Amino acid sequence: MDTKTAPGRFGRYGGRYVPETLVPAHQELELAYAEAQKDPSFGEQVAQVLREFVGRETPLTPARRLTTLWGGAEVWLKREDLAHTGAHKINNTIGQVLLAKRMGKKRIIAETGAGQHGVATATACALFGLPCEVYMGALDVERQSLNVFRMKALGATVHAVESGSRTLKDAMNEAMRVWVAQIHDTHYVIGSAAGPHPYPTIVRDFQSVIGKEVRTQSLVAFGQLPDAIIACIGGGSNAIGILHPFIGDKNVRLVGVEAGGHGLDSGQHGASLTLGTEGVLHGSRSLVLQDEHGQIMEAHSISAGLDYPGVGPELAYLAKTGRVEVRTATDDEALKAFYEVCRNEGILPALESSHAFARAGELARELGKGKYLVINCSGRGDKDVATIAARGVPPAIRLEGA
Amino acid sequence: MSGAIADAFARARARGEGALVAYAMAGDPDLPRSVDVFAACVEGGADILEIGVAFSDPIADGPVIQGASERALKAGSTLRRVLDEVVPAVRERCPQTPLVVMTYVNVIMALGEERYAKLARERGVSGTILPDLPPEESIDIRQAFDREGLELIPLCAPTTSPKRAESIAKDARGFVYCVSVAGVTGMRSQLPADLSERLELVRRVSPVPVVAGFGISSAEQARVVGAHADGVVVGSAIVRAAQADGPSAARQVCADIKRGLKR
Ligand SMILES: Cc1ncc(COP(=O)(O)O)c(C=O)c1O
């Protein structure tokens, strides 16, 4: 495996596979971002908005009852569910919308799966006074009606995308198609650490605030870096955000959890790192779920935010080189974990985050007593209550809770 | 540059016409009937055929070709089957017409770029257009194609700077595909006012013919654009006509466009 990492390349992965019409816009974005990074006032502006508006830093909360229940490492939760709008997605949209303003863009478009990124983009647009158009798969519009309402209330226009599997990947196709036609005055806010260069880098940088906070918070809370960190992986933005600042810390185990859906042999899952093959989707070379003919397969997950057949190129690289350990959790395991966290910690985690919780118990036991485990609680579960209620309470949980 | 594509442009020029590159989707509505559509395009006067190979996530295409992709995938179209079943059948019915494959980079990667280049060449394909492969990412694929003598046809866009357009044109194989509008494929009632200037600029530096495509659907548009290019690409108008009324409608669209390309 090639380990040389060029800008926009993570080993073999990454790059910029886009129509020629979009190339100059990506070059412009790359340049504008590099300039913004050199300008201390931009960083300060982002930090100030994160502090005053988003409510950062988010807490690192001890999960005492889960620690007891699981009987292994001491468990701590990074509370991205307490960030304004209820998920980590806002860290990136604040940064990107401020960057778009700096570039003189007049309008914002975005794609969304669970709706959290759409809500976060609509929020940033409302805050900074830019019009916002959100593309969302028609199936996701149905299963995330609360977030559709929130986006509209915030002044965004929501377009239901009827093509393909009517989920996140199709919303992303549509947003790219629309962007090609509006390239001169529109910025496309990609919601995960995926897509063509420079998006994976930009999103990772804006999300790294999560991991940077964990570094200092863990030293204060338990006097050392965590022994392991676990996060769910859809496109990979919350995972790369919390994990990236620890890549050089060889003693910190980094674990990602993908959507196992109905099970890895069912063909219905979102486990692109575990079962994907190398391919090009949405402008970057990464691991994707595809058939032997190169057609992208429909992913499946109970959680709309993990229902994506691709993954960001940097995570693909980190997984292939073994720096990030990859596991999966099924829909049922995530549901069970959802109730376990609700009833033991008084927190309703997002279904996406519930995937991380579903594998965290084992990891805590593997690590053992005296070790420290941080779980990225990437978002809150309010948006998922209709989906969860429709499934009924799993039998094992019903007994304990009754 | 010699080869089937160059010859087809030269023949059209000798007749005092701009060349028509006709696009249709292999496998729409099914594999055999799409062969009829390609043959009908040539009967209507198409000089080069662009054989679309469906991809599940066609980010450069508008609704008409997107719809055709979905139908072709449902009908079981794959790159392998297009090379094995559609291309040889089209070759047999239109032995003089150069064939160019248009698809997305992932479809080629899945078969393997070297394997694809070899198979395509053996079956009689002259060139390939990959709308999501900008020059920066195309070096390896182009080398593999060059080794087989398969031409990787580059695209130029309205957003491409003159300097970049120049470097794209200088390196071009087959022809340069100038995208007429900043947008996805599909018919347009109006084409941008500065299109002719852009075409002339690319033409001045390009060693190979220059065509305009995206949005062109009428004889009048073909006439206006054809005055500044070596030819035009017509896709959505053919795909839509074929879907609505079958191969004869596709033939009619090509004949209309060809009328506009008479000089
Ligand atoms: C709460 C939450 N967590 C995780 C994800 C998955 O995305 P990513 O892997 O990019 O963090 C989403 C996506 O919508 C989300 O809303």
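Which domains of chain A supply at least three residues each to the shell around the ligand? This tour of a predicted model begins with that matter and then turns to three places in the backbone.

**The ligand and its shell**

Select domain 1 (11-51 + 89-199) and domain 2 (55-86 + 208-391) of chain A and give each its own colour: the shell around the ligand draws at least three residues from each of them. Next, display the ligand together with the cavities of the protein; the ligand sits in the largest cavity.

Now show the 19 residues around the ligand, of which A:Ser192, A:Gly234, A:Gly236, A:Ser237 and A:Ser378 come nearest. Colouring the shell by residue character separates six nonpolar, eleven polar and two charged residues. For the secondary structure, highlight β9 (228-233) and α11 (237-243) of chain A, each of which supplies at least two residues of the shell.

**Polar contacts of the ligand**

Centre the view on A:Gly234, where a backbone N or O atom lies 2.7 Å from an oxygen atom of the ligand. Proceed to A:Ser237, which also places a backbone N or O atom by an oxygen atom of the ligand, here at 2.8 Å. Then select A:Ser378: an N or O atom in its side chain is 2.7 Å from a nitrogen atom of the ligand. A surface view completes this stop, for the ligand taken alone exposes 390 Å², and the protein buries 97% of that.

**Cis peptide bonds**

Remain in chain A and select A:His197 and A:Pro198. The peptide bond from A:His197 to A:Pro198 is cis, with omega near 10°. A:Pro198 is placed in the loop that runs between β8 (186-189) and α9 (199-207) of chain A.

Move to chain B and select B:Asp28 and B:Pro29, which are joined by a cis peptide bond with omega of about 5°. On either side of the loop that holds B:Pro29 are β1 (19-25) and α2 (31-43) of chain B.

**A positive phi angle**

Return to chain A for the last stop. Is phi of A:Thr85 positive or negative? The value is near 75°, and thus positive, in a residue other than glycine. To find A:Thr85 in the fold, trace the loop between β4 (74-79) and α4 (89-102) of chain A.

Note on methods. Residues are numbered from 1 along each chain as its sequence is written. Chains are lettered from A and ligands numbered from 1 in the order in which they are written. This is a predicted model: local features need pLDDT of at least 70, side-chain atom pairs count only at pLDDT 80 or more; totals for chains, interfaces and linings use all residues. Side-chain values use heavy atoms; hydrogens and water are left out. A residue is near a molecule or strand if one of its heavy atoms lies within 4 Å of it. A polar contact is a pair of N or O atoms within 3.5 Å; within protein, one must be able to donate a hydrogen and the other to accept it, and residues adjacent in sequence count only if both atoms are side-chain atoms. Accessible areas come from the Shrake-Rupley method with a 1.4 Å probe; for residues, only the protein chains shown count as cover. On a 1 Å grid over the protein atoms alone, a cavity is a set of points where a 1.4 Å probe fits but cannot get out, and a pocket is an open set with protein on both sides within 12 Å along at least five of seven lines; lining residues have an atom within 4 Å of a point. A molecule sits in a cavity or pocket if more than half of its atoms lie within 2 Å of its grid points. Helices (H or I, at least four residues) and strands (E, at least two) are DSSP runs, numbered from the N terminus. Ala, Val, Leu, Ile, Met, Phe, Trp, Tyr, Cys and Pro count as nonpolar, Asp, Glu, Lys and Arg as charged, and the others, Gly among them, as polar. Domain bounds come from an automatic or database domain assignment.
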